[in-house]
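Here are my notes, set out as numbered points. Have the model open while you read.

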Amino acid sequence: MSQSFSAAPRIVVLFAKVGPALLSVGTLVLAWELYARISGISPTTLPAPSRVLAQAIQQRQALFDNTVPTISATLAGFACSLAVAFILSVLIDFFKPLRRALFPVFITSQTLPLVAIAPLVVLWFGFGLTPKIMLVALVTFFPMLVALVQGYESTDRDISALLSSMGASRMRIFVLARLPSSLPYFFAGLRISITYAVVGAIFAEYAGAAKGLGIYMLNAKNNFRPDLVLAAVLVSALLTLALFAATVLIQRAAMPWERLDAARKS
Amino acid sequence: MSRRLELRQVSKSIGDVDVLAGITVHAEPGEFVSILGPSGAGKSTIFRLLTGGLEGHDGGIDFDGRPLADARRPFAFMPQHDALMPWRTVIDNTALGLEVQGMSRKAARDKVAPLFGEFGLAGFEQKYPAQLSGGMRQRAALLRTVVQDRAMLLLDEPFGALDALTRTGMQRWLQTMWDRHRWTVLLITHDVREAVFLSDRIYVLSGRPARVLREVAISLPRPRKDLASPEASAIEADILDTLLDPQPAQRT
Ligand SMILES: Nc1ncnc2c1ncn2[C@@H]1O[C@H](COP(=O)(O)OP(=O)(O)O)[C@@H](O)[C@H]1O
Ligand SMILES: [Mg+2]
């Protein structure tokens, strides 16, 4: 492990990591602000970031009320998707032909355009939580399934051979070797899927909901308030970033050995 | 006393590749036997047959005088790469075999813990494999192997991935350990000097399909300290000749 790295103050290390990202985002926002002010473009066409932020603060109660259902839909849909993906991945791992039977169906499901599917699902299942859960699951399920199945496949053959030489059953080998081997793949899939999940939930709300960031955006657009649309976009971006950060933290806690491996390889 | 392990005319093809072509090999209880052969000859395949990783073969395999199929998992196997689980601490890696045998994790840890000193791993119980040096990883893998208390050890190129200096150190250490415990060992290696240094007997295999070219008994006195003694060097040179001889059929 690198000593020089851990010797630097944490705040410096943190800034070295996020500094470039902050810089590029900051530059973009600044350019936008300048353009909106200098060009004299109407705020009902392109509001300046300062106006978006001011409106977001002013409307914070309404934004918050509409964010809570989006979070619930995202997390509930993602949890369902994870549970089903896990169960199916285990079945596929134990019964390989299942993979060939099911994957074409799932791949097709990934090619469906959300714009067309979302209103249909709302039509069939109403304005409640169910259609949101289904759409979030639709966009996140297959990436998670693929990640898990690939993760099991990545198991070191020597480790499997060792376990079977010790007399371990197939089930035991799965629990002792294949499941832990899949963790890096699982978390890589999780990081990507969680961003899809938020988009899926907003799409479902856009197609019809009582409350939620999606319906909030739709209403703001219909009232010619792009500043409020962008305020909701800002909230959804922050929500996605927060969920992404949460997966990174969970991964660190779940895989304490991983950073050692990375340090050894670098 | 019956032989611990005996392979009689064992042949094996994988797909349409002939890998083993009539291998006859045995080991007495407490004997250190090496199988020496070029890479890709089929050495690991022998271990896969013994540990159940491969099914089906021609010829007979007996353990303690009875067909191997009747024996209850008599081997502790150390695969070619250390096969340590990166997600388990060192102590849990070494206790793996005991856990698979049905011991609780706590009992398994209690059984391996006292051996950490002897294996040069004291203080590293709670580390992860990524934090160990190459030599320590091999010692951890070996500890995981011997602690299973099986009748015989199968070691597949245990030091193949180590640098020369570490490897020499590990060979000396293994000899000391073997002198103390007198395990029955079948060692696979492609390092002639290692085989001469450690073994009571050596089987020299041809390239694929593998046949036994020669059986060499090493009667050098133990403990062996001098790897470069004239006697050892002479045996080494002789075996190298066999391995590099383009017409092994002319030898008997
Ligand atoms: N699953 C397999 N399918 C086809 N050929 C194999 C398979 N496994 C091993 N072999 C062949 O068997 C030969 C011996 O392999 P192995 O026993 O691992 O050699 P060694 O351990 O002596 O280096 C190799 O040359 C390889 O081509
Ligand atoms: Mg091999």
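1. A word on terms before counting anything: helices (H or I, at least four residues) and strands (E, at least two) are DSSP runs, numbered from the N terminus. Bear in mind too that this is a predicted model.

2. On that count, chain A comes out with 13 helices and zero strands. Read from the N terminus, its elements go α-α-α-α-α-α-α-α-α-α-α-α-α.

3. What are the dimensions of chain A? Its C-alpha trace spans about 75 × 60 × 30 Å along the principal axes. The chain has 266 residues, and 40% of them count as buried. As for contacts in chain A between residues at least 6 apart in sequence, 73% join residues at least 24 apart.

4. Now over to chain B, which is divided into two parts: domain 1 takes 5–74 + 152–251, and domain 2 takes 85–150. Domain 1 is thus written as two segments. Between the C-alpha centres of domain 1 and domain 2 of chain B there are 25 Å. To the contact, domain 1 of chain B brings 15 residues and domain 2 of chain B brings 10.

5. How much area do domain 1 and domain 2 of chain B bury between them? It's about 1100 Å², with 71% of that on carbon and sulfur atoms. On the domain 1 side, the residues losing the most area to domain 2 of chain B are B:Leu153, B:Met170 and B:Trp173, which together make up 35% of what that side buries.

6. Polar links are there as well. The rule finds one salt bridge across the interface of domain 1 and domain 2 of chain B. B:Glu118 forms a salt bridge with B:Arg180, and their closest N and O atoms are 2.6 Å apart. Going by polar contact, five residue pairs turn up across this interface, both residues at pLDDT 80 or more.

7. Which elements supply the domain 1 side of that interface? Strand S7 (152–156) and helix H6 (164–181) of chain B each give at least two residues to the side that touches domain 2 of chain B. H6(B) gives the most, with seven residues. By residue class, the side of domain 1 of chain B that touches domain 2 of chain B splits into 11 nonpolar, two polar and two charged.

8. If you want a place to start looking, try the domain 1 side of the chain B interface, where H6(B) supplies seven residues, and then go to the salt bridge of B:Glu118 with B:Arg180.

Terms used: Residues numbered from 1 in each chain as written. Chains lettered and ligands numbered in written order. Predicted model: local features only at pLDDT ≥ 70, side-chain atom pairs only at ≥ 80, totals over all residues. Heavy atoms only, no water. Domains from an automatic or database assignment. Contact = heavy atoms within 4.5 Å. Buried area = accessible area lost by both parts, 1.4 Å probe. Salt bridge = Lys/Arg side-chain N within 4 Å of Asp/Glu carboxyl O. Polar contact = N/O pair within 3.5 Å; in protein donor to acceptor, adjacent residues only side chain to side chain. Nonpolar A, V, L, I, M, F, W, Y, C, P; charged D, E, K, R; others polar. Buried < 20%, exposed > 50% of the residue type's maximum accessible area, 1.4 Å probe, protein only.
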